[in-house]
Every structure is written in C-alpha cells, then in structure tokens.
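Q: Please examine one part of this protein closely, namely the boundary between two of its domains. A connected account of that boundary and its surroundings would be welcome.

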Amino acid sequence: MTRIETLAQPGHPDVTSAVLSLRGITKRFPGVTANDQVSLEVYPGEVLGLLGENGAGKSTLISILYGLYQPDEGEILLDGQPANLSSPAQALRRGMGLVPQHPLLVERHTVAENLALGAGSAWQPVRQVTPRILELSRTYGLEVNPAAPVHTLSPGEKQRVEILRALLGGARILILDEPTSVLTPQEVEGLFQIMRELRAGGKSLIFISHKLDEVMEICDRTVVLRRGKVVGGLPIAEASKASLAELMVGRSVSFERRRVTPPPGPLLLSVRGLEARGGRGHLALRGVNFDLHEGEVLGVAGVTGNGQTELVEVLAGLRPVSGGAVSLGGVPLTGDPAQRFAQGVAHIPEDRLHTGTVPTMSVSENLALREYGQLPFSRGGLRNLQAQDEFARRMVERYAVSTPNVQTPSRLLSGGNIQKLILARELTEQVRLILAVHPTYGLDIGATEQVHQELLGCAGRGAGVLLVGEDLDELLSLCDRVVVMLHGQLLGPFDAAQTSRKALGLQMTGGAA
Amino acid sequence: MNEISSALLQAVSFGTPILLACLGATVNERAGVSNLGVEGMIAVGALAAFATANSTGNPWLAVGAAIAAATALACVHAVATIPMRANQFVSGLALTLLGTGLAGLLGKSYEGFPLAIHVPEWPFVALAGLLTLLLAFVFSFTRPGLILRSTGENPAAVDALGISVPLVRFVAVLIGGAFSGLAGAFLSLVYRPSWMDNISGGLGWLAVALVIFVAWSPLRAAAGALFFGVLYYLQFRLQGATRFPTELLAALPYLLVLVALGVAGARQAAGHAPAALGRPYLRGER
C-alpha cells in the first residue's frame, strides 16, 4: 500500500515505473480541441479516476487509448516505450482492455461463446476457453456461468463478462467507462470488490464516473479534465467531493439535500389496484396503489424490470390497462398520449433518443412534436414554420440547449442537450403531472443540476412529479417520498428525509421483511 | 416401393440446387447481409457452366466458371451493401434482375441447344450433403463460425475485438455467391442438360424463403430442401392424374413460400433471425 501512496504523488520522479504515460496528447475536431496537451501517468496496481463533465474530452481520450482515434500531437508510452495504437486490435495486443459503458455482447450467444469470439482457438473455441474463464473467475471473484445465454444476465453480470473478456485478452490496463451507471448499489459494491482484487493482482484500472462518492471510495488518484485540458490531479487522500466537483465544473457545487418537503397539496393523481401486462404477456403491474399530491415529488426506486417502465407507460397512455383505476384531479385518466398531454401529463421517457425525440428530425421539429397542430404552429391546417422556428429559438435560449442551430437534426446533439430539448417540449405552462424516467441518466453534473432545477421548479408551481430512478442518492436528495417497486408491486412510501440508501437498496432486492 | 424410391430420387434432384443456394444464403445472412439476388446468381452460374461445358467439354472447368461468374455477381452486391451501405434488399433485387437479364441476353445463341457432354448427378448431391454437414460443423464448433454468427448478431461486438466486420461480411457474401453458382451449374449441366431462358424458374426465391423457413440452420435446410423436392414431385405426378388445374399445382411451391414467410414472421418475433440482418454497420452510429 505504501508503494501506491508514494507513486500516487503527481509529478513523482519515478515516472519510469508507469505502465502507461500520455505526453501532451492533443486531438482536434472541426471547431473543437477535444484533448489539449493531456499528459498523465498510470502505474501498476492502482485505480486512477478519470473525471470530467460531458464534453470534457474523456471519451476522446479513451478512443485514443483504444486505437479508435489517432492523436494529432503527443505520444503514448507503454512501459516507457513509444507505442503506436493505430487500431483496436493493436491496442488489445498491447494490453489495453476496455469495459464499455453499454456492454458489447452478442445477446443470443452464451457467455463462453462471447468470450471465445476474441480469445478462443480456431478449433472448438468454446471448449478451449471455458477452463480459462473459470480460472479467471476464481482468481478475481468474477462470478459468471459460462454456459448462460447473455440475454438472461443482469447488467452487473454482463459487465463481469466484459471484464473477463479484457482479462482473457491479456489486458494489463483496464479502462472502465462509467461502469456503475447501470448497477444497483449492491452490484456496485460487488464491482468494487472485483476492482480491488484486480488492483491487488497488479492491474492498472482507469475508472470513469460522474459519481463522486464512488470515486472517493475506489480510486487511489484522480485526474480531472475540463474542456479538453487536465485541470488537476489529486491523490484521493487529499481530495474531497467538493474539491473534485469544483475542478470538474469550474465553480463550487453543493451536495446538500436542498429539497424542503412542502406541506401536502390537494390530491392530484390517484392510482388504485392498477394491473397491466408487460411486453412478453406477463403481469408486469400487480395491483399498484399510490397517491401523488400537487407539488410533490414521488420517487420510484427499484431494480430494472420490476414494472417501473410499465407503470410509466400505462400512466402516459402507451400501454393498455388490464385492471384498476387511475384518476387525475378526480377525473379518470384515459385516452391516448396526446389526449393525456392536453390534460397536463408530461412524459420524459427512458429512451430519450428514440422515444423522446425523432433523431433524424430537426431541433425545431422535435420541439413542436406535441403541439404542431395548434396555434401558433399551425393555422387553418397549414404549418407555420416561422412561428415554429421562432419558438424553437426561444426554447434553445431558455433551456441553454447547445446546438449549432434549430435546423440541426436532434441526433447530433449530446445526451444532455437532447434531454433539455425534451424538457423544453414537455414542461409547458399547463403541466400538472410529470412522468420522468431516469431523467439524468448519463448526464454530467451541470446538465443534471439543470434537469433537477426544472423538475423542482415545476413542482414548486404545483405540478406532481413521478420520478423513476436507479440512482438512490438522486432520489433521496430530490424526492419527498420514495416508493420501491418489486415484482410489479409497490413497497412504501418511505419518507425521503428519514430513510437511507441502504434501507432502500435492501427493499429493492426484497431483502427486508 | 418402386414408386416411392423414384419419388425420392426426383425429390433429391429437385432439392439439390435449392439446398446449395439455401446454404449459401444462410452463410451471408448469418453474417448479417441479406441477398435477394440468389435467383440472378443461379442464372448467371447456369449460363457460365453451360457455355464452358459446350466449348471445352470439361465439366470441372464448367463448374469452376459457374462459381466464378456467380461470385463476381455477388461481389457487386458486396461492394454496394458493405462499403457503400446501400439498402440490401434493393441491391439484392437489382442483382436478380441483372443476373437473369444478363443470362437471358448472353444465352440467346444457346437457346434450345442440348449439352454436349454427360455430367453425372451424384457428385452434386454428395457435395450438397457434405457442405451441409461442413457448414453445420463450422457454425457450431469453430471460431470462424463463431465470428460469422456474431457478426450477424452484433457487429459492434466483433468490431470492438479488432475483427474487421466489412471483411467478414464480404467473404460471407462471396461464399453465398459461390454456392449459388454451384446450384446454377447443377441446373444446366445435370438437371436440364440444355440451355433455355429462365432456367432457374424461381428456384432462387424458394432458396431465399427456405433460409427463413429453416431458421438459418444448415441441417434443417437439408430437410426443408427435400420437402420442397417432394412437393415438386407431387405436383409433377398429379398433373393429369387429377382434375386439379395444373397451373394451380405448379404454383404450389410458391404458395408455400408465402406460407413459409408468414411462419417466418412469427419466428422472427421469437428471435431466430440474426439480430443485425439487413442492417449496414457503421462504427459509432446511433
């Protein structure tokens, strides 16, 4: 341990022991310098936290390390020798392993087939690779059944398969790209255990995350990028959440629970005995009951696949009900999504790219998707494109959407800007009920703050917010009450100011009585 | 007894070219590239085999020419759909039109000519059987087979491992063409040892439908090809024997194609089709 601590000093003279050094890496794209003179060292047996807001240049840096991009300037040294990483194949050969944020696996094949794809022999690759999988599983505590088809695995298990794949390929440096974003708290703890084993085994890990609690827990050292430049690198012993956030964002950020639960307003949404079937015909909602009051933020926690998606789809009018009753302000809530929108139901869907927007259509058109048929966007059956663009420009300004112009196809925008676009369209003056699913998933600190402010702003004006999330810290800091979904039923509600992350985590896995 | 064995022989005869073409299409579809040009590739292969056999008298050269001609046509499809990412269905349809048109035009002078040499049937049948087993084996037990299947399921996963998706797909499309060429050679050298326009007579379409019907499995393809062979034989036998209109009987295999595709719709929902079938691959696209 002492060795790691001494090596962890930035600018430590013993840079020769670094497995990987970047020297003045610069990468320019038309209009932006994604990486500007980035230099850093990675040592054996350490976890380096690579932090930065979206657009800070982390993805570009990873792509360079993985051979997908070539730097315009600077050099990469592996074991002190200049390395030319001109393709993923070459990066793999030189001991780079990438665990991508979204697993790149063949869902229909088994774990062993997926792993044999990269590492197996020409002849009977699956049989040949299986003992090696089992051996690595034992060494690093990576539990996974080689014979299981990938589509039956949980997100955490898929991630273990990705880690195994990197290790089978002989990786010495593992890049973990936001690995915790898809995991439950318990799974995150499991991942950290594996990371500690890998570190103890002398591997170098580059850990990318927005979640500073996690960075503080698992990293030995951090490097912070802002606008393509390294703006700081602190050993974790000298860092705090606040100092790291300040480095990332460039200003101070508060982590206190700012939400003050208002006195309960009149009843807004009443859900009684709600039942609905899921995509595969099974009963996904099995008698759901809850109330949501005006001005209240109600969190829905739970492991993915316990009925949260179906609940929101039913309320938004996207999925038929097979039993029970829903009323909004005392009136039964029925009809298609458009009719519900007219009654004040806003939907911020899980898949923001494909459900939330039409990716090939322009920013302006996406903003008018709800109200294109009404004044001022349409007059006498003809669309008024000037009015539409005018509205779009106002919204882009008001929500600080970063886009070249309002005619840009929305698919070219970053995730955060697409989400702002959806908020701008959904959160109208008349909004009464907001259904938000993972609204800040994958967003950086700045965009997350903005989404939180918009949602809380609407709640302050009397709207009820149903917030489905997997990030328990977020739910606890934002919500007034939190319910947990388990096997299509609700547990709770729990008072957000009273309960804890751990207690909710236990409820989510059915671990509590 | 005699009746049954002759029926089976006929069924095998008719089923062999379907099986060959179907196996080829299975290879390219397993890699994620559909090719509706099978009919055209068979026609071109059949003409190349016939012309070469008649001018050289060498059946080996004839088969080689058929494979080369059909593979060359497949190469057009590969270039259009892989690096240029054209719509695979449109490109495949164009290939069928191009192939059948080309064979009809270049074959005008051979119209009605019989084949000058005798080519035995059994090597083709044996080859089709062997290729069936070989493909089933390669798919299940070798790494190239695993790479091929993975490319059709999730090309991004293959790309991330540093394996070239375009290369895998290109090779798969060319193999598909070669198999179609073999089917064409069988038609003009053995099945109807003469040249006539539209010699393939929709056989390529049967093969394309069969791929879906047998859920991309080489072993089931052999059974399916035999089934179509039996149907074809029945249609032949029932002509004149019943008062059922001949035209309707002749349409039976194609009707079955429609049924097969209907069934396939349900199968696709059950998730048998390669997940990335028909989708061009571009790194980092969303």
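A: The following account turns from the domain division to the boundary, and then to a neighbouring topic, the strands and one helix. The model is a predicted one. Chain A is divided into domain 1 (1-95 + 172-181 + 202-251), domain 2 (256-344 + 428-513) and domain 3 (364-425).

Between domain 2 of chain A and domain 3 of chain A, the C-alpha centres are 26 Å apart. Contact across this boundary involves eleven residues of domain 2 of chain A and eleven residues of domain 3 of chain A. The two domains bury about 880 Å² between them, with 59% of that area coming from carbon and sulfur atoms. On the side of domain 2 of chain A, the greatest losses of area to domain 3 of chain A fall on Phe341(A), Gln450(A) and Glu454(A), which together account for 51% of what that side buries. The count of salt bridges between these two domains is one. Glu454(A) also forms a salt bridge with Arg398(A), in which the closest N and O atoms are 3.0 Å apart.

Helix α15 of chain A spans residues 445-460 and contains Thr448(A). Thr448(A) counts as buried because its relative accessibility is 15%, below the 20% cut-off. Beyond its neighbours within four places in sequence, Thr448(A) contacts Thr440(A), Leu443(A) and Glu474(A).

An open sheet of six strands in chain A, with mixed pairing, follows the order β16-β19-β20-β13-β21-β22. Its edge strands are β16 (345-348) and β22 (489-495), each pairing on one side only. Neighbouring strands of this sheet are turned against each other by 20° on average, direction ignored. Strand β19 (residues 433-437) pairs with β16(A) in the parallel sense over four bridges, and Leu433(A) in β19(A) is the bridge partner of Val345(A).

Note on methods:
Residues are numbered from 1 along each chain as its sequence is written. Chains are lettered from A and ligands numbered from 1 in the order in which they are written. This is a predicted model: local features need pLDDT of at least 70, side-chain atom pairs count only at pLDDT 80 or more; totals for chains, interfaces and linings use all residues. Side-chain values use heavy atoms; hydrogens and water are left out. Two strands pair if DSSP finds at least two bridges between them. Helices (H or I, at least four residues) and strands (E, at least two) are DSSP runs, numbered from the N terminus. Axes are lines fitted to C-alpha atoms, for helices over the stretch in contact, and angles run from 0 to 180 degrees between N-to-C directions. Buried means under 20% relative accessible area, exposed over 50%, partly exposed in between (1.4 Å probe, protein chains only). Contact means heavy atoms within 4.5 Å. Domain bounds come from an automatic or database domain assignment. Buried area is the accessible area (1.4 Å probe) that two parts lose on being put together, summed over both. A salt bridge is a side-chain nitrogen of Lys or Arg within 4 Å of a carboxyl oxygen of Asp or Glu.
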